[in-house]
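Work through the exercises below with the structure open beside you. Try each task before reading its solution.

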Protein chains: 2
Amino acid sequence: MARTQGSHSGTTGPRVRKAALGLFAQHGFAAVSMRQIAKEVGVQAGALYNYTPDKQSLLYELMFEHMDALLTARREEAVADMPPIKALENFVRFHIRFHIEKPDEVFIAYMELRALEDSNFAKIEALRRTYENELESILQRGIESGDFALDDARLATFAVLSMLTGVNTWFRAGGRLSLAEVETVYWNMVRRAVVA
Amino acid sequence: MARTQGSHSGTTGPRVRKAALGLFAQHGFAAVSMRQIAKEVGVQAGALYNYTPDKQSLLYELMFEHMDALLTARREEAVADMPPIKALENFVRFHIRFHIEKPDEVFIAYMELRALEDSNFAKIEALRRTYENELESILQRGIESGDFALDDARLATFAVLSMLTGVNTWFRAGGRLSLAEVETVYWNMVRRAVVA
DNA sequence: GTCTATAAAACGATAGAC
DNA sequence: GTCTATCGTTTTATAGAC
């Protein structure tokens, strides 16, 4: 074969996205050039435009796919009619696991919101809000049932999500703690902070 | 006077930093140009170089001053020989207050670490670590005294700091809750998550 | 589908006049 | 201390050959 250039069995598209994902997560969207992405993929910069109309769309699509995957995975995991405490444990463990499994996607989704154009921002923000609202409704149900001792479901939603998402600032696979242990440690802290 | 250009009573230096602070916080370091900063200040781009040797130094100095102010303020506020629970409440209230008072500085200090050159990063990271360590030592003391029910002081440090710093994602001055109320709500959650 | 080449604009930073 | 002007580089994105 000895093919030194040209298409690679139609896999260039995914490879462009993977390269962009890693570089955006490491250096930030604004700090990464199309030439850097092309170099990582092994093509010239012009070739990238076969796979994205522009740099902004590349970011938006990465973020949309992530948020869509998050909401889809959550829908598959959520169990209807769980009592509030069980529903909260289920949510906490899901959130920790999903975030640990996709650190680059999560990082971009949090850090690069400001790099989105207005209409793209609005779409991503709506998806993020949908996710937040599921936790808020669990907390609200628990307040009403008397299971949770909280003044304000919305504020507690932010506090819990901040704490859980923070796992990505320190967790490294293969470290001292396993995923299951991390899930349990965080669940214990959330449980005690929230449950009456 | 009708002075339309020239120096402004020696205040240009601080105004450059203030403009850079706001723009970096809003758009990110890499996305902001020296020309944007100059326009905000009301000078031409070349004049900025009377106040900073380059763009990187401007970022570093903003971050260093913030971390220095944080550690100085903390030293003034900390009380020696407090029992662990009181020391933790003191830390939580301090952290919330300081973060709410300086949202732009805090945001940059968290978001732009990756934009720092290696040697600048090392210096800022050391300051950040010093601050983290104070919370960790409070938690460790409380574990040893039996006041706190935690498996791991370091992990709990990350969890608590993430939760507290998250206040900046939603708090707006003049909103529904006062600073004092926010402090108390967060302290109640931290207390219950940590205290045995 | 990728290449080379380039257009058009923006970038950080500097020089020299005032 | 700020201006105007500019250097040299890099940027996103496009055009046309293969």
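**Exercise 1.** In this predicted model, find what share of the atoms of DNA strand C within 4 Å of the protein belongs to sugar or phosphate. Then describe the protein surface around DNA strand C.

*Solution.*
- Start with the DNA atoms. Of those within 4 Å of the protein, 68% are sugar or phosphate atoms, and the rest are base atoms.
- Turn to the protein. DNA strand C is surrounded by 17 residues. The closest are Thr12(A), Gln44(A), Asn50(A), Tyr51(A) and Met34(B).
- Sort that surface by class. It holds six nonpolar, eight polar and three charged residues.

**Exercise 2.** Which polar atoms of Tyr51(A), Ser33(B) and Met34(B) lie by a phosphate oxygen of DNA strand C, side-chain or backbone?

*Solution.*
- Take Tyr51(A). A polar atom of its side chain is 2.7 Å from a phosphate oxygen of the strand.
- Take Ser33(B). Again a polar side-chain atom is involved, at 3.4 Å from a phosphate oxygen.
- Take Met34(B). Here a polar backbone atom is 2.9 Å from a phosphate oxygen.

**Exercise 3.** Repeat the survey for DNA strand D: how many residues surround it?

*Solution.*
- Count the neighbours. There are 18 residues around DNA strand D. Closest are Arg35(A), Thr12(B), Gln44(B), Asn50(B) and Tyr51(B).
- Check the DNA side. Of the atoms of DNA strand D within 4 Å of the protein, 64% belong to sugar and phosphate.
- Sort the residues by class. The surface near this strand has six nonpolar, eight polar and four charged residues.
- List phosphate contacts. In Tyr51(B), a side-chain N or O atom lies 2.6 Å from a phosphate oxygen of DNA strand D. In Thr12(B), a side-chain N or O atom lies 2.8 Å from a phosphate oxygen of the strand. In Met34(A), a polar backbone atom lies 3.0 Å from a phosphate oxygen.

**Exercise 4.** Describe the build of chain A: how many helices and strands does it have?

*Solution.*
- Count the elements. Chain A has eight helices and zero strands.
- Write the pattern along the sequence. It reads α-α-α-α-α-α-α-α.
- Take the extent. The C-alpha trace of chain A spans about 65 × 40 × 30 Å along its principal axes.

**Exercise 5.** At what angle do helices α3 and α5 of chain A pack?

*Solution.*
- Locate the helices. In chain A, α3 covers residues 55–77 and α5 covers residues 103–111.
- Read the geometry. They pack at about 115°, with axes 10 Å apart.
- Name the arrangement. Because of that angle, α3(A) is roughly perpendicular to α5(A). The crossing is left-handed.
- Find the touching residues. Leu59(A), Met63(A), His66(A) and Met67(A) of α3(A) meet Glu105(A), Val106(A), Ile108(A) and Ala109(A) of α5(A).
- Sort them. The contact has six nonpolar residues, one polar and one charged.

**Exercise 6.** Now cross between chains: how do α8(A) and α7(B) pack?

*Solution.*
- Locate the helices. α8 of chain A is residues 179–194, and α7 of chain B is residues 153–165.
- Read the geometry. The angle is about 55° and the axes are 11 Å apart.
- Name the arrangement. That angle is why α8(A) is oblique to α7(B). The crossing is right-handed.
- Find the contact. Val185(A), Tyr186(A) and Met189(A) of α8(A) touch Leu155(B), Ala156(B) and Ala159(B) of α7(B).
- Sort by class. The contact has six nonpolar, no polar and no charged residues.

Technical notes. Residues numbered from 1 in each chain as written. Chains lettered and ligands numbered in written order. Predicted model: local features only at pLDDT ≥ 70, side-chain atom pairs only at ≥ 80, totals over all residues. Heavy atoms only, no water. Near = heavy atom within 4 Å. Polar contact = N/O pair within 3.5 Å; in protein donor to acceptor, adjacent residues only side chain to side chain. Nonpolar A, V, L, I, M, F, W, Y, C, P; charged D, E, K, R; others polar. Axes fitted to C-alpha atoms, helices over the stretch in contact; angles between N-to-C directions. Helix = DSSP H or I, 4+ residues; strand = E, 2+ residues; numbered from the N terminus. Parallel < 35°, antiparallel > 145°, perpendicular 65-115°, else oblique. Left-handed = near helix turned anticlockwise from the far one by under 90°. Contact = heavy atoms within 4.5 Å.
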